[in-house]
Amino acid sequence: MKSCGVSLASTTSSFRDDGKKMAAGKESSECKDGSLSLTAEEKEVLGGLDSRLFGFVRLHEDGARTKTLLGKAVRYYESLILKAEGKVESDFFCQLGHFNLLLEDYPKALSAYQRYHNLQSDYWKNATFLYGLGLVYFYYNAFHWAIKAFQEVLYVDPGFCRAKEIHLRLGLMFKVNTDYESSLKHFRLALIDCNPCTLSSVEIQFHIAHLYETQQKYHFAKEAYEQLLQTENLPAQVKATVLQQLGWMHHNVDLLGDKATKESYAIQYLQKSLEADPNSGLSWYFLGRCYSSIGKVQDAFISYRQSIDKSEASADTWCSIGVLYQQQNQPMDALQAYICAVQLDHGHTAAWMDLGTLYESCHQPQDAIKCYLNATRGKNCSNTSSLAGRIKFLQAQLCNLPQGSLQNKTKLLPSIEEAWSLPIPAELTSRQGAMNTTQQASKAHHPKTEPVLGLCQTPILQQSLPLHMIHSNQVDGLSNSAERKRTSSPTKHLEQLRANKDHLSPAQKLMLEQLETQLVLMQQVLHKGQSSHMSGPNDEQPPFSTGPAQYLQAASVGVQKQTGPQTLPSNSVTQGAALNHLSSHIATSGGQQGINFTKENKPSGNRSLVPEISRHAGDTPNGCVVVKGLSNHIQQLIAEPVGSPNHGDCTSPDLLISDSPQISATNIGKASDKASNNHPPIHTKTNNSVTSSPSSIIFTTTSSTKSTAQTTTHSVTSLNSPQNNLYKINREELQSLQSSAKPNLPIISLESGPQIIPSMSVSIYSSSTEVLKACRNLGKNGLSNSHIFLEKCPPPTPPTSPYPPLPKDKLNPPTPSIYLENKRDAFFPPLHQFCTNPKNPVTVIRGLAGALKLDLGLFSTKTLVEANNEHVVEVRTQLLQPADENWDPTGTKKIWHCESNRSHTTIAKYAQYQASSFQESLREENEKRMQHKECSDNESTSSDFSGKRRKGPFKTIKFGTNIDLSDDKKWKLQLHELTKLPAFVRVVSAGNLLSHLGHTILGMNTVQLYMKVPGSRTPGHQENNNFCSVNINIGPGDCEWFVVPEDYWGVLNDFCEKNNLNFLMSSWWPNLEELYEANVPVYRFIQRPGDLVWINAGTVHWVQAVGWCNNIAWNVGPLTACQYKLAVERYEWNKLQSVKSLVPMVHLSWNMARNIKVSDPKLFEMIKYCLLKILKQCQTLREALTAAGKEVIWHGRTNDEPAHYCNICEVEVFDLLFVTNESNSQKTYIVHCQDCARKTSGNLDNFVVLEQYKMEDLMQVYEQFTLAPSISSSSS
């Protein structure tokens, strides 16, 4: 869709000509009274400037005139808004946001965009607004909000001209958030797009290769890196970085060969990388690590020296130098190097551990204990238990020593307190002379100083959230251990000062007062962030293996990166590293293109985390928010050193040890109610769950209401504080405004171009001819294969938690259960009605197998092996855990992420595993009875999970899942047995929507089998497209179910985002305690052999096997308005989230219209509305293709032909298929949607358009689909 009605080339080239006109009219732009005004030429130029040009206008080079004009326009708009007391049309604020964005004045841009959102109820139709807002969020690292804004752009306008840029940024953000599947998808979508972008194709390919490396898919990564090196004219810096990654990967990854071969390749790659970029301190460091691992000490030392000379001082490098000295039996030099490392980074666990080991080897246990204690306080400490054991052992040794023996013994090394002030080794100080006095003062290894943290030593500028965007659990995680000095939490220092309040010096009392004031400020600005469950960059990366077994190393996340020393824990490279990378490699509106590898291009300062907002907007000349960077305050708030020289008596590193908690969500929640709600309300959710998705309002005639955030009380008068009862100045009132001595409002034409979705209402009761007549000429600007529901509905959002909340005694409701005694009970019509009643999220039908005399033995493991022993089984490797809890692999904390790794085997092999698991359990049970006779003989399975089990590694189990039983030849007896079931739960029936698809969707309209051992988990989820589900337990063991009503899926989605998980794609296991605190009701019950569990539409559920059992399951689509509504809502939500919908709802809706007589008025109207939308889209697209001279070729459909999806973005493609010429000639028919086809080939020259339905046929179906007479009673 050619939605961006602006040509980049024509716009930028016209600036110079327009500049001359502007210069000529400069004198006339100043009014006699000194007020600003804009000439007609200037207004014309400004009319073509919006967020789409961000990154493509060189304001700092030949675009100086444009920059001047933008600045003038901003001043003009602000003066108008001030004089009109904010009573202007919303378009002014949107345009003002665009101008400030292009000028890179992000606080003002955010403020203007917020005001536009508050004033414009249908803001979501404006794609350029959403795009600009997303860019501002991205700048502030507010990834949660940036992702939402960018997704909404693609939802309302898939053909947006900056879609490639959006996919690139989404890929980067998902990569930082460790959602690797989504990241890879968006990188690939960016790669196929031929439109311009701020990164080149080779740089995007690098990100894809590095994504594989981050996922530990090393062979894929190696292949991708090597393929990149074959690219012609590969930029030198990209080449250097690729070689650097290859070298480091060969050093770390055992899978790439034996050690000698790996190290040889690693050194070769790193040497070639240094040939391409000799100034890379990181490559020198890597090379030093490689030399050190093969014993070339002198070469390693030289490389480390080069690393220090070429880059900012790194704790990792100093730690590695210390290891080198220690290996050479030079303890004093090693001590000094380790001290340098921990002074640069207080939380450098590896350096503290190495330092402790050094002291222990020199028989100085007291100093060793201090170092080990500091190591346990390190953020990335992964072996706390072993360190604690070592500390306990040393303390025991000290207790056994004769009194005074330590004092009389000569120390080989200075104590840790004495070592803190020692100078660094002389031969390593060459770089010191080149540093200016300020830099020297900021270095943590400066003689006789304590650690100074948080100063400007970051090699790449880190874009930081305004604190009102930061969730409480992010505050102390914003520092990157590899890219900047490690920060000590200011709260630790605050606690220390409070504890010694009566003994503080005047300077310390002043510091205490400042920290308390800043804490209050932080609580205020974080108050809203907590309630929104906003998730931010995660601080952990997957581990990377290393060469020497005793040393761990993390791989770099960005193109320019830092890594840890030899004993650095694997998660030491935080998401901030990737953040730094992408912040420097995404162009700004200054016109930077591609990766900025050179030092000259690196930004020189840190952005303020907290903007200071003027409390009196009236004091400013333009009435806008005045934002001043409080960098000094943030230095203290986020990165203030605990032991800096300003802190008086804090003189030794062991004082860094503190048990004080970080700022907790509980404390943040107690913040003042006066907190300014500055975060844009665009994503705030209303309490009306009916508006959670498009289909929820298809029967209303009004657009969605404005966000409730408009009524929020703000503490500052600014553009962020919309005034009530605004009087809007429209274009016709300009003359009267002039006559009242107020300035002219600019007459800027913001016509509803392609980026503003046009509104067109056509009744569902219109004839097909009238519909097509109303569609005439709509397709001239192109049409996107967009949504089923379009005009009246904003992008779908998850529902908020129902209000009022349930009382605590209602959060564990009894599970609706039906007990069957005979076959008649099973076929009793009210059973169907009870199960499909939306008020019952789940129904357990007890004794179904016995009542119907089902032969469940047909699905037993023994029968399955005899029938098809080589049949494929998908295996999920999981951790055996308590059903109501989910712990991390070490058993130290409860988490939501559920370990579930995929592999494959056969029925025979899994059956063998299932049997051996049972035998092993019997053997263990017998051993327990022998060893613990006092324990009960009938100890349940859950009793295995004692408290001590949670403190250690869990047992690994295998779950056999998704076993396909769709082949009626292989599984004839089994499938025939299921025909005994009542019609409403059968796999195939006339009343099952999924039976009208006309093709197979494995596991949905076919049967799937699950083979389980105790502890096997089906993680939390809703069924595909919210269809109902049927599950029968074959036995012999039980299963435990957890169920949450559909109304609360938005709450669980928030929890997933908070835990950095994808609600739709990730494996997650909810924390029941957190659900209870959030007032989420949970049904919990046991499914015994022969019980059928009916999961109603949209119900969230998760299941764990209690014993050894098999289950069979499939999906059902009752012919109800509720089922259809929820299916379409999820179809649209999937589209927003770039997730494929397994059920093609457009295809299904047309088949329903052909095959089913609908008597429910609500269901009829929804289906008819869908048909109307698709009919309009098909007609409009045909006309657009005809107008463009593109031939549409008849192709037709075959019987049982599946619905088609775009091969690129995976959206459903209906009727008109865009197929490449090559694919068409080979008859492989690889389908694209129109938007992806245009991104690949702008004028569609490389595509043919195949037609599957004649418009006359679709019109006939539409006409013949009418509301059937209501049937008084029916049985399924």
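# Two sheets and a helix pair

Strand β4 (residues 842-846) joins β13 in antiparallel pairing, with four bridges between them. Strands pair here if DSSP finds at least two bridges between them. Helices (H or I, at least four residues) and strands (E, at least two) are DSSP runs, numbered from the N terminus.

The model is predicted: local features need pLDDT of at least 70, side-chain atom pairs count only at pLDDT 80 or more, and totals for chains, interfaces and linings use all residues. Residues are numbered from 1 along each chain as its sequence is written, and side-chain values use heavy atoms, with hydrogens and water left out.

**Exercise 1. Place β13 in its sheet and find the partners of its residues.**

Step 1. Take the strand order. The open sheet has nine strands, β3-β4-β13-β10-β15-β8-β7-β5-β6, with mixed pairing.

Step 2. Find the edges. β3 (817-819) and β6 (901-906) each have a single partner strand, so one side of each lacks a neighbour in the sheet. From one strand to the next, the twist averages 25°. Angles run from 0 to 180 degrees between N-to-C directions; axes are lines fitted to C-alpha atoms, for helices over the stretch in contact.

Step 3. Add the helix. α32 (residues 829-836) packs on the sheet and touches β3, β4 and β13. Its direction makes about 145° with that of β4. Contact means heavy atoms within 4.5 Å.

Step 4. Read the pairs. Valine 844 has valine 1093 in β13 as its bridge partner. Threonine 843 stands opposite tryptophan 1094 in β13. Strand β10 (residues 1028-1036) also pairs with β13 in the antiparallel sense, over four bridges. Asparagine 1031 stands opposite valine 1093.

Step 5. Sort the side chains of β13 (residues 1092-1095). Leu1092 and Trp1094 point one way, Val1093 and Ile1095 the other, and all are buried. Buried means under 20% relative accessible area, exposed over 50%, partly exposed in between (1.4 Å probe, protein chains only).

**Exercise 2. Give the strand order of the open sheet of four strands.**

Step 1. The order is β16-β21-β19-β20, with mixed pairing.

Step 2. β16 (1192-1194) and β20 (1231-1232) are the edge strands, each with a single partner strand, so one side of each is without a neighbour in the sheet.

Step 3. β19 (residues 1216-1220) pairs with β20 in the antiparallel sense over two bridges. Phenylalanine 1218 has histidine 1232 in β20 as its bridge partner.

Step 4. Helix α41 (residues 1161-1187) lies across β16, β19 and β21 (1247-1251), at about 45° to β19.

**Exercise 3. Describe how the axes of α40 and α41 cross.**

Step 1. The axes of α40 (residues 1145-1155) and α41 come within 10 Å and cross at roughly 115°.

Step 2. List the residues. α40 brings Val1146, Ser1149, Trp1150, Met1152 and Ala1153; α41 brings Ile1167, Cys1170, Leu1171, Ile1174 and Leu1175.

Step 3. Classify them. Nine are nonpolar, one is polar and none is charged. Ala, Val, Leu, Ile, Met, Phe, Trp, Tyr, Cys and Pro count as nonpolar, Asp, Glu, Lys and Arg as charged, and the others, Gly among them, as polar.

**Exercise 4. State what share of the protein chain is buried.**

Step 1. Count the elements: 44 helices and 21 strands.

Step 2. Buried residues make up 59% of the 1276 residues.
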